[in-house]
Amino acid sequence: LTHHSREVPFVTELYDEEYGSTVSIESRPEGYHNIKLSNPVAQIASVNIFTEELRTFADGTKPVLGNSPVWSNDGRYLCYSYVKNKADVNRSAMTNAVTVFDTLTGEVSFPSEAANRTPVRFTSDNSHIICREGYDTYYRIPLDGGEEELITTFGSRIDSSDLSKDGMWAVYTDRDVPDALMVYNTLTGESVPMLYGDDNNGFDGPVFSPDGAGICYIRGNRLSFRNGSSHSETPYILDFNPFE
């Protein structure tokens with residue numbers, strides 16, 4: 001979401017043989033239809049939070065396909081992880097690349113063709129894209145396609161994480177420290193717990209606020225209720241002052 005466009009990017013499922021996805025329905029003597037669906041292709045779209053206007057993006061006449069779309073701060077560039085998938089259930093041909101779509105010119109560029117990079121955000125001057133591999137390794141990739149820089153890697157058993165806008169802090173949940181919300185200093189390499197859970201409470205999906213002064217996270221309560229449900233999830237906001 002940018003303060004200029006107020007559009008939230010997302011992906012929709014596209015079924016089209018030309019782009020690697022098909023749908024077929026077979027009639028059988030038994031009197032029912034056997035529906036076969038191949039892997040859908042993820043097409044990039046967006047919605048305006050004020051007007052609710054929807055739009056899909058196209059490179060000329062071809063849909064823009066990919067996952068994890070993020071806007072540049074000025075609303076011009078859309079970065080995503082491009083996935084090329086042939087229409088077969090075995091996913092025999094799939095490639096990933098960090099891709100940038102220029103909404104003004106329609107041009108597409110590939111700042112990084114390394115696999116398994118998930119775009120997170122642009123830097124404040126739009127010169128670099130912050131991407132992660134898994135949940136524990138972050139990279140800074142130049143928009144012009146220069147050499148990428150490893151920002152940090154802080155563990156291998158991370159469930160979810162986020163990096164602050166200035167790149168100094170990472171917040172994450174760690175399976176090696178059960179049910180704890182952790183914060184990591186990318187300069188010193190030190191990790192400390194912010195909150196501890198227990199057998200009935202845990203944390204998930206932490207993200208920094210844009211100004212870095214707060215952390216939003218989901219608190220899961222593993223309890224038993226009369227209606228038979230055994231789990232509830234509630235969003236919380238935690239004030240974040242790393243120097244206290």
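**Exercise 1. Which residues is Leu163 in contact with, leaving aside its neighbours within four places in sequence?**

Solution. Keep in mind that this is a predicted model.

- Step 1: Set the cut-off, which is heavy atoms within 4.5 Å.
- Step 2: Drop the neighbours within four places in sequence, and Leu163 still touches Arg121, Ile130, Tyr138, Ile151, Trp169, Ala170, Thr186 and Phe208.
- Step 3: Now look at the largest nonpolar core, which has 12 residues. Leu163 is one of them, and so are Ile130, Tyr138, Ile151 and Ala170. The rest of the set is Val120, Phe154, Ile158, Tyr172, Ala180, Met182 and Tyr184.

**Exercise 2. Work out which elements give two or more residues to that core.**

Solution.

- Step 1: Map the core onto the strands, and you get strand 16 (158–163), strand 17 (169–174) and strand 18 (180–185).
- Step 2: Strand 18 hands over the largest share, with 3 residues.
- Step 3: Don't stop there: apart from this core lies another, of 11 residues, with Val70, Val98, Val100 and Ile129 among them.

**Exercise 3. Lay out the open sheet that holds strand 16, strand 17 and strand 18.**

Solution.

- Step 1: The order is 16-17-18-19, so to speak a row of 4 strands with antiparallel pairing.
- Step 2: At the edges sit strand 16 and strand 19 (191–196), each pairing on one side only.
- Step 3: Ignoring direction, neighbouring strands here are turned by 25° against each other on average.
- Step 4: Zoom in on strand 17 and strand 18, and you find 6 bridges between them. One pair to check is Tyr172 with its bridge partner Met182 in strand 18; both belong to the 12-residue core.

**Exercise 4. Explain why strand 14 (residues 137–142) is largely enclosed by the rest of the structure, then trace its pairing.**

Solution.

- Step 1: Count burial, taking under 20% relative accessible area as the cut-off. In strand 14, 5 of the 6 residues are buried, so the strand is largely enclosed.
- Step 2: Go to strand 13 (residues 128–133), which runs antiparallel to strand 14 and is joined to it by 6 bridges. Ile130 has Arg140 as its bridge partner. This hairpin leaves 3 residues between the strands, and Gly134 takes a positive phi near 65°.
- Step 3: Move on to strand 15 (residues 149–153), antiparallel to strand 14 over 4 bridges. Here Tyr138 is bridged to Thr152. The hairpin has 6 residues between the strands, and Gly145 shows a positive phi near 90°.

**Exercise 5. Put the chain's totals together.**

Solution.

- Step 1: Count elements: 0 helices and 22 strands.
- Step 2: Check burial, which covers 40% of the 244 residues.

Key:
Residues numbered from 1 in each chain as written. Predicted model: local features only at pLDDT ≥ 70, side-chain atom pairs only at ≥ 80, totals over all residues. Heavy atoms only, no water. Buried < 20%, exposed > 50% of the residue type's maximum accessible area, 1.4 Å probe, protein only. Core = buried A, V, L, I, M, F, W, Y, C linked by side-chain atoms within 4.5 Å. Pairing = 2+ DSSP bridges. Axes fitted to C-alpha atoms, helices over the stretch in contact; angles between N-to-C directions.
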